[in-house]
Amino acid sequence: MNPTSPDKVAQKKEEPSAIGVGTAEEIKKSKRVTAVIKDREIVVFHHKGIFYAMDLRCYHAGGPLNLGDIEDISGLPCIVCPWHKYKIALATGEGFYQSIDPKTPSAMPKWCSKGVKQRIHNVSVIHGIVYVTLSDMGISCESDYYSSEKYKKTMNLINKK
């Protein structure tokens, strides 16, 4: 068989990279929805007219981000993990913390970035359907642990007890 024949091309067909997770209207109403894409749990948020997607489990201790509140931190919408109140920017996956300069303890604390901690994913809306494309898995992110086989095996052992 010729490697460029239509039969060969049909066999090499790859699965689509963007996966539909719901209608835009449904997600706007509920403000968030969870989904599993290629064995990865994600959450999609709708906040102030924009859709965001990220790993479902918080990078810190695996808290369920779909249960968190959204707050504006320095003008950025952030999800607040319901377990330990970690703040994560919806658009970038950056973790934020408050810092006080010890030389001027009376000063107001300021928000500082810990860098990208939570994996975010690309969202598109086509004909009223919200699609999520997983981000580049070649770049490591702390939230990746909660999608790893090691974590899943650990949870299976715990759940069997």
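## Where the elements come from

Helices and strands here are DSSP runs, numbered from the N terminus, with at least four residues for a helix (H or I) and at least two for a strand (E). With that naming in hand, D144 can be placed in the loop between β11 and α3. Please keep in mind as you read that this is a predicted model.

## D144 and its surroundings

Let us stay with D144 for a moment. Is this residue buried or exposed? D144 counts as buried, because its relative accessibility is 17% and buried means under 20%. Leaving aside residues up to four places away in sequence, D144 touches R40, D55, R119 and I139. There is also a polar link to the backbone: the D144 side chain reaches the backbone nitrogen of C141 at 2.9 Å.

Three of these names return when we turn to charge. R40, D55, R119 and D144 are linked in a network of salt bridges.

## Salt bridges between strands β3 and β4

How many salt bridges does a search of the whole structure find? The search finds seven. One of them joins R40 and D55, whose closest N and O atoms are 2.9 Å apart. This pair links distant parts of the chain, with R40 in strand β3 (residues 40–47) and D55 in strand β4 (residues 50–55), 15 residues apart. Both partners fall under the 20% limit for buried residues: R40 is buried at a relative accessible area of 9%, and D55 is buried at 1%.

A further salt bridge runs from R57 to E41, with 3.7 Å between the closest N and O atoms. Since R57 sits in the loop between β4 and β5 (69–73) while E41 belongs to strand β3, the pair ties together parts that are 16 residues apart in sequence. Here the two partners are partly exposed: R57 has a relative accessible area of 21%, and E41 has one of 32%.

## A bridge between two loops

Which side chain does K117 meet in a salt bridge? The partner is E142, at 2.6 Å from N to O. K117 lies in the loop between β9 (110–116) and β10 (120–126), and E142 lies in the loop between β11 (129–133) and α3 (149–160), so this salt bridge ties together parts that are 25 residues apart in sequence. The two ends fall into separate accessibility classes: K117 is buried, with a relative accessible area of 16%, whereas E142 is partly exposed, with 41%.

## The tyrosine cluster

Now for the aromatic side chains. A pair of aromatic rings is described by the distance of the centres and the angle of the planes. The structure holds four aromatic pairs. One of them is formed by Y145 and Y151, with 5.6 Å from centre to centre and 65 degrees between the planes. That angle makes the pair edge-to-face, because planes over 60 degrees apart count as such. Y145 is partly exposed, with a relative accessible area of 35%, while Y151 is buried, with 15%.

Y151 also pairs with Y146, again edge-to-face, at 5.0 Å between the centres and 75 degrees between the planes. In this case both Y146 and Y151 are buried. Taken together, Y145, Y146 and Y151 form one aromatic cluster.

Terms used: Residues numbered from 1 in each chain as written. Predicted model: local features only at pLDDT ≥ 70, side-chain atom pairs only at ≥ 80, totals over all residues. Heavy atoms only, no water. Phe/Tyr/Trp six-rings, centres within 6.5 Å; stacked < 30°, edge-to-face > 60°. Buried < 20%, exposed > 50% of the residue type's maximum accessible area, 1.4 Å probe, protein only. Salt bridge = Lys/Arg side-chain N within 4 Å of Asp/Glu carboxyl O. Polar contact = N/O pair within 3.5 Å; in protein donor to acceptor, adjacent residues only side chain to side chain. Contact = heavy atoms within 4.5 Å.
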